[in-house]
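Open your viewer and get comfortable. We will go from the whole chain to a sheet, then to a ligand and one residue.

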Amino acid sequence: MPLRSVQSKMARNSETYVCQSCGAVYGKWAGRCDACGEWNTVELEASEAGPPGSLSAAPSKSKGKKLQFTSLAGATEDVPRLLTGNAEFDRACGGGLVPASALLIGGDPGVGKSTLLLQIASGLAKSGSAVAYISGEEAVAQIRLRARRLGVEKTPVHLASATSLRDILATLKTERPDVVIIDSIQTLWSDTLPAAPGTVTQVRACAQELVRYAKSSGAALLLVGHVTKDGQIAGPRVVEHMVDAVMYFESEQGRDFRILRAVKNRFGAAHEIGVFEMSGGGLKEVANPSQLFLTDGDRDVSGAAVFAGIEGTRPVLVEIQALVSPSSLAAPRRAVVGWDSARLSMLLAVLDARAGLDFGRHDVFLNVAGGLRIAEPAADLAAAAALCSSLFDSPLPHDRVVFGEVALSGAVRAVNQTEARLKEAKKLGFAGALAPAGAVRDALKVTEASTLADLVAWARR
Ligand code: TYD
Ligand code: MG
């Protein structure tokens, strides 16, 4: 068992062992980490600056200042923002970078983090900010090559290749740039620690120092973090807690577009996304992602429904595809891409119990087109529509969008931002929608579904 809490009660001068993969803390060495299951990752950690000791026990030289409490109301300033000139990036971070804040961008190797950040750096430099781009991964020549490929080699970005935290901080303190980009946090090392670069100890210490620098100097800090095979930013959650915003840069295998997804943001909406397309000349903004996630082609196929979703603050239309086919297996297959598989099981059970549709002897495959990942419960009705359409082998009306949450009772529940969904559908040429009862009607012709029976009737026509 991780001992974080137990240990804080114990005398702190004993040794601490930390899993270098997930950051779990142990009182003694172990071959395998109980928390993440990795082998040979638990290592002795150098104690951090000695035990703090208890304030009341310490000989009191200074008594501590009395805090001045104040009220919640009062003068506040809007957070100033640095616009990068890249609308998708600015949107994903809630309207631009915030000075004196730290932003962590995670993603698989090769997804395009360095490319994105170089483009951001040049955009900021063009608009007059002093930008320091410090790479610990690539040599200056490599970065210059990329800059040339992106056509941004003329912008006044301050470029350096370095890994020593001491050198970097010394430089930053004299140069005082407005924006600092570190690619990546795993390559940095602090010479005060014996641990190797990339270990939890180093990553944590380096991130902490840099965040402290950002807060005190007013610079906006962008940290790149690599993602481990199970999708966490390596060296690990601790960094996520230190920074003000965490974003993941994601791509679907074999596709050119990339999604920058905010998972935490102290200055804006989490779940906001920015959409890009990787091209020969770098990342291009995709201003209208709905077009990306809607397949044109053959509309008269069964098993496809267009879901009117909301990603962050933006409506996005996406096609949900289902394939239901008779199975000879005792336990028929269920496979989902882009949606929650537990949610699919629930939906199938509800369709069975409340609408009498038997999926029990069918293999069921569900796919969200374009590689988008949907987490909204509002997608239930669209997924159910696709499933019914495939089961009945009857194409749905191709000019309709579908949205609504399905309850275990089989009732269709209202969802938020109905109007925005309908407007987006109208903008993209859809004629109507299947939506929960009570949906605003001005924008589009709405067919109301208050239970699954309504959906089944609509899909069966
Ligand atoms: P990179 O930014 O180096 O990824 P990361 O820093 O996340 O590891 O991007 C690498 C990939 O992007 C590489 O496979 C080549 C591709 N790429 C393009 O397709 N077009 C471009 O203009 C650039 C610069 C890279
Ligand atoms: Mg890189």
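Helices (H or I, at least four residues) and strands (E, at least two) are DSSP runs, numbered from the N terminus. By that count, the protein has 12 helices and 21 strands. Before you select anything, note that this is a predicted model, where local features need pLDDT of at least 70 and side-chain atom pairs count only at pLDDT 80 or more, while totals for chains, interfaces and linings use all residues. Residues are numbered from 1 along each chain as its sequence is written, chains are lettered from A and ligands numbered from 1 in the order in which they are written, and side-chain values use heavy atoms, leaving out hydrogens and water.

Start with everything shown. Of the 461 residues, 48% are buried, meaning under 20% relative accessible area (1.4 Å probe, protein chains only). The accessible surface is about 22500 Å², and carbon and sulfur atoms hold 53% of it; such areas come from the Shrake-Rupley method with a 1.4 Å probe, and for residues only the protein chains shown count as cover.

Next, colour the strands of the open, mixed sheet, which has 9 strands in the order β6-β5-β7-β8-β4-β9-β10-β11-β12. Two strands pair if DSSP finds at least two bridges between them. At the edges, β6 (158-161) and β12 (282-285) each pair on one side only.

Zoom in on β9 (residues 245-251) and β10 (residues 257-265): these two are antiparallel, with 7 bridges. Pick serine 251 and you will find its bridge partner, arginine 258, in β10. Now add helix α4 (residues 140-150), which packs on the sheet and touches β5 (131-135), β6 and β12; touching here is contact, heavy atoms within 4.5 Å.

Now select ligand 1. Which residues come nearest? Of the 16 around the ligand, they are Gly110, Lys113, Ser114, Thr115 and Ser279, where "around" means a heavy atom within 4 Å. Show the backbone too: an N or O atom of glycine 112 lies 3.0 Å from an oxygen atom of ligand 1, and a polar backbone atom of serine 279 is 2.8 Å from a nitrogen atom of the ligand. The protein covers 75% of the 550 Å² of accessible area that ligand 1 has on its own. Elements giving two or more residues to this shell are α3, α4 and β11 (273-279).

For the last stop, follow α3 (residues 113-126) to serine 122. Is this serine buried or exposed? Serine 122 counts as buried because its relative accessibility is 3%. Beyond its neighbours within four places in sequence, serine 122 is in contact with Val152, Thr155 and Val157.

Terms used. Buried means under 20% relative accessible area, exposed over 50%, partly exposed in between (1.4 Å probe, protein chains only). Axes are lines fitted to C-alpha atoms, for helices over the stretch in contact, and angles run from 0 to 180 degrees between N-to-C directions. A polar contact is a pair of N or O atoms within 3.5 Å; within protein, one must be able to donate a hydrogen and the other to accept it, and residues adjacent in sequence count only if both atoms are side-chain atoms.
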